[in-house]
Amino acid sequence: MAARALLLPLGAAGALLLPLAFGNPYALSVVILALLYAYLALSWNLIGGITGQLSLGHAAYFGIGAYTSTVLFADLGLTPWLGMLAGAVLAGIAAVVIGLPCFRLRGAYYALATLAAAVILKVVVENSNELLGGPRGLDVRLLHDAPLYFQHTSKLFYYYVVLLLVGGALAANRWCLRSRFGYYLTAIRNDQEAAAALGVDARRYKLLAAVLSAAMTAIGGTFYAQYALFISPEKVFGVHLSVQIAVICIIGGRGTLWGPLLGALLLLMVVMRFEPRGVIALLGRALSGSRRLSGKAAKVRREAA
Amino acid sequence: MSLLEFRDVTRQFGGLRAIDQVSFEVRENETVGLIGPNGAGKTTLFSMASGFLAPSAGEIWFSGARIDGRPAPEICRRGLVRTFQIVRPFGEMSVLDNVMIGSFLHHRDRAEARADALAVLRRFGMAERAGQPARTLTLAGRKRLEVAKVIATRPRLLMLDEVMAGLTRVEMDEIIALIRSLRDDGVTILLVEHNMHAVMALSDRVVVIHHGRKICDAEPEVAANDPAVVEAYLGGDEE
Ligand SMILES: Nc1ncnc2c1ncn2[C@@H]1O[C@H](COP(=O)(O)OP(=O)(O)O)[C@@H](O)[C@H]1O
Ligand SMILES: [Mg+2]
C-alpha cells in the first residue's frame with residue numbers, strides 16, 4: 001500500500017526532472033512526440049477502449065483542433081490557448097455529427113464509417129485554398145518566445161505542456177473508469193442490448209464519450225500545430241494518424257488506465273532500439289508523413305538560439 | 001388494478017405471425033405464468049413489452065402509459081424489466097460490477113451503487129463470487145446473475161424468461177424460493193417457464209400461448225385440465 005501511494009509522486013517527480021537527463025535535444029523531441037501519442041491514445045481510449053467503438057477517424061478531430069487554432073491565430077490574432085478551446089468545441093460538434101449516423105453501425109462498419117468521415121474532412125480542407133491553405137497547408141506565424149501565444153523556442157516548454165496534457169488525460173480516464181459514466185460505457189462495450197435492458201441509454205452515453213474523446217484529441221491537434229509550427233491536410237487529417245492512435249491504445253491495452261501510456265512507451269522503445277539517432281525523423285514521419293516537422297521546427301529553434 | 005396489459009397485440013416476422021391478436025393483463029402483486037410449447041411466441045411477447053421489438057399491431061400499456069414502441073431504457077426506468085432467455089452477462093466485468101449497472105439506475109454515486117449491489121448479491125447467495133468475472137460463472141450462476149441485475153433496478157414488474165432451464169433440481173428449488181421472496185416483497189411477476197412444477201407452485205394465474213394465439217387464461221389447476229392446453233402440449237405437431 002505504502003509503495004503504491006509513493007508511486008504517483010515519484011512518477012510525477014521523475015517526469016518533471018526527466019529533461020535533465022537528456023544531453024541532446026533530439027532525445028527530448030522523441031519523448032515529446034511519444035507523450036503526444038500517449039495523450040492521443042488516452043483520448044481515444046474513452047470511446048475506442050472503454051466504450052469499445054473502434055474509431056478509425058480520430059485524425060478528423062486532431063485536424064479540426066490544429067486548423068481551428070491556427071486559423072483563428074492567423075486571421076484574428078487569437079491566442080492558440082483560446083483557439084485550442086474553440087477547436088475542442090468544434091471537434092465535439094463534429095463528433096455528434098459523425099456519431100449520430102455511425103453509431104447505428106457495428107464493428108467493422110463503424111470503423112470504416114469513421115475512417116471515411118475523416119477522409120472526407122481531409123478532402124474538404126484540401127479544396128479550400130483561400131481559407132485553409134489547400135493541400136500545401138498553413139504556417140503558424142512565428143513569435144519565437146511567446147508562451148502566452150503557445151510558442152517557445154525551448155523544447156522544454158513543449159515538454160511540460162504535453163506532460164500536463166498527459167496528466168489531464170490520465171485523470172479524465174481515471175475519473176471515467178470509476179464513475180457511473182464509465183461503468184455504463186464498459187457495459188455498452190460488453191453488451192449494448194443488455195445494458196439497455198437495465199436502463200442505460202446507450203446512444204446518449206456513446207455520444208458523450210465520443211464528444212469528450214474528440215474534444216481532447218483536438219487539443220492534441222493544437223499542441224501539434226504549435227510544436228511543429230506547420231500543418232497540412234496530409235499531416236493532421238491523414239488516415240495513418242487515425243490508425244496509429246488506435247493501434248497504440250490497442251497494443252498497450254484498450255479500456256485500461258495505463259494501457260495507452262504503455263503503448264506509447266512500447267512505440268518509443270521500439271523506435272529507440274532500432275535507430276537511436278534517427279528516432280525523431282522516424283517518429284516525426286510517423287506522425288506527419290514527412291521530415292518537415294523536424295526540419296522546420298529545428299531550423300526555427302536554431303535561428304532563435 | 002392492471003399493471004401490464006397487452007391489447008390485441010400482433011407481431012409479424014415476414015410471413016410468420018409469431019403473435020396473433022393476444023390480449024391479457026397482469027395485475028399489481030400478481031404472479032402470472034406464461035406458458036406454451038417452444039416457438040409459441042413467449043419471448044416475442046417479452047421483447048415487445050420491454051422495448052426490443054415493436055408490435056405490428058395492437059397496444060401495450062404499463063401503469064397507465066402506452067409503452068409499445070418506446071425505447072428499452074425508458075421502459076426499464078418505468079419499472080418494467082425482463083431477463084433474457086439466453087443470458088447476457090457483461091462477461092468482462094465482475095459479478096458485482098454487473099449488478100451495479102442495475103443499481104446505478106437509482107444512484108449516481110459509485111459507493112452507494114456498490115452497497116446496493118452487494119445487498120442484492122447477498123440476498124441471491126452470490127456475495128462470495130462478487131469479484132469473479134461474470135463469464136467464469138456456471139450456467140446456474142449466470143441465470144441467477146441475470147435476475148440479480150434486473151432486481152437491482154428495483155422493478156415493479158419482472159418478466160422472467162426461462163430462468164430455470166438447464167438447472168438441477170436443487171438449483172431450481174433455490175430459484176423458486178428466491179422468486180417467492182421477491183413476490184412477497186411486492187414485485188409483480190410474469191414468468192415464462194417450461195417446468196410445470198415451478199409454474200404451478202408460483203403462479204396465481206396461467207396464460208397459455210400456442211402458435212402465437214392465447215388459448216387459455218385461468219387458475220393453474222383449471223389450465224392444467226383444459227382440453228385445449230392438454231392438446232397443445234400433447235397434440236404432437238410441436239415436439
Ligand atoms: N427476430 C425474429 N425473426 C424471425 N422470426 C422470429 C424472430 N424471433 C422469433 N421468431 C419466430 O417467432 C416464433 C416465436 O418465437 P419465440 O417468441 O422465441 O417463442 P418462445 O419463446 O415461445 O419459444 C418462432 O417461430 C420463432 O422462430
Ligand atoms: Mg423463448
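**Exercise 1. Disulfides and cysteines**

How many disulfides does a search of the whole structure find over all chains?

*Solution.* The model is predicted, with pLDDT of at least 70 needed for local features and 80 or more for side-chain atom pairs, while totals for chains, interfaces and linings use all residues; side-chain values use heavy atoms, without hydrogens and water. Residues are numbered from 1 along each chain as its sequence is written, and chains are lettered from A and ligands numbered from 1 in the order of writing.

Step 1. A disulfide is a covalent bond between the sulfur atoms of two cysteines. The criterion applied here is a pair of cysteine sulfur atoms within 2.5 Å.

Step 2. Over all chains, the search returns zero disulfides. Cys176(A) takes part in none, and the nearest cysteine sulfur, belonging to Cys249(A), is 12 Å away.

Step 3. Accessibility is classed by relative accessible area: buried is under 20%, exposed is over 50%, and partly exposed lies in between, with a 1.4 Å probe and protein chains only. Cys176(A) has 0% relative accessibility and is therefore buried. Cys216(B), at 7%, is buried as well.

**Exercise 2. The pair α2(A) and α7(A)**

Determine how helix α2 of chain A and helix α7 of chain A are arranged, and what kinds of residue form their contact.

*Solution.* Step 1. Helices are DSSP runs of H or I with at least four residues, strands are runs of E with at least two, and both are numbered from the N terminus. Helix α2 of chain A comprises residues 25-50 and helix α7 of chain A residues 155-178.

Step 2. Axes are lines fitted to C-alpha atoms, for helices over the stretch in contact, and angles between N-to-C directions run from 0 to 180 degrees. The axes of α2(A) and α7(A) are 9 Å apart, at an angle of about 20°. The two helices are therefore roughly parallel, on a scale where under 35 degrees is roughly parallel, over 145 roughly antiparallel, 65 to 115 roughly perpendicular and the rest oblique.

Step 3. The crossing of α2(A) and α7(A) is left-handed; that is, the near helix is turned anticlockwise from the far one by less than a right angle, whereas clockwise would be right-handed.

Step 4. In the contact of α2(A) with α7(A) there are 21 nonpolar residues, three polar and one charged. Here Ala, Val, Leu, Ile, Met, Phe, Trp, Tyr, Cys and Pro count as nonpolar, Asp, Glu, Lys and Arg as charged, and the others, Gly among them, as polar.

Step 5. Asn173(A) belongs to helix α7 of chain A and is buried, at 0% relative accessibility. Its C-alpha atom is separated by 7.2 Å from that of Leu42(A), 131 residues apart along the chain.

**Exercise 3. The pair α3(A) and α4(A)**

At roughly what angle do the axes of helix α3 and helix α4 of chain A cross?

*Solution.* Step 1. Helix α3 (residues 59-76) and helix α4 (residues 80-102) of chain A cross at roughly 140°, and their axes come within 8 Å.

Step 2. α3(A) and α4(A) are therefore oblique to each other. Their crossing is right-handed.

**Exercise 4. Annotated segments**

Compare the UniProt annotation "transmembrane region" with the computed secondary structure of chain A.

*Solution.* Step 1. The unreviewed UniProt entry applies this annotation to several segments of chain A, including residues 107-125 and 157-177. Such positions are given in the numbering used here, feature names are shortened, and annotations may be inferred rather than shown by experiment.

Step 2. Residues 107-125 of chain A are 100% helix and 0% strand, with end C-alpha atoms 28 Å apart. Residues 157-177 of chain A are 100% helix and 0% strand, with end C-alpha atoms 31 Å apart.

**Exercise 5. Loops and backbone angles**

Locate Pro19(A), Gly134(A), Asp8(B) and Gln21(B), and state the accessibility of each.

*Solution.* Step 1. Pro19(A) is in the loop between α1 (2-17) and α2 of chain A, and is buried at 10%. Its C-alpha atom is 8.2 Å from that of Tyr159(A), 140 residues apart in sequence.

Step 2. Gly134(A) is in the loop between α6 (129-132) and β1 (138-139) of chain A, and is buried at 0%.

Step 3. Most residues other than glycine have a negative phi. Asp8(B), not a glycine, has a positive phi of about 50°; Asp8(B) is in strand β1 (residues 2-13) of chain B and is partly exposed at 45%.

Step 4. Gln21(B) also has a positive phi of about 50°. Gln21(B) is in strand β2 (residues 16-27) of chain B and is exposed at 53%.
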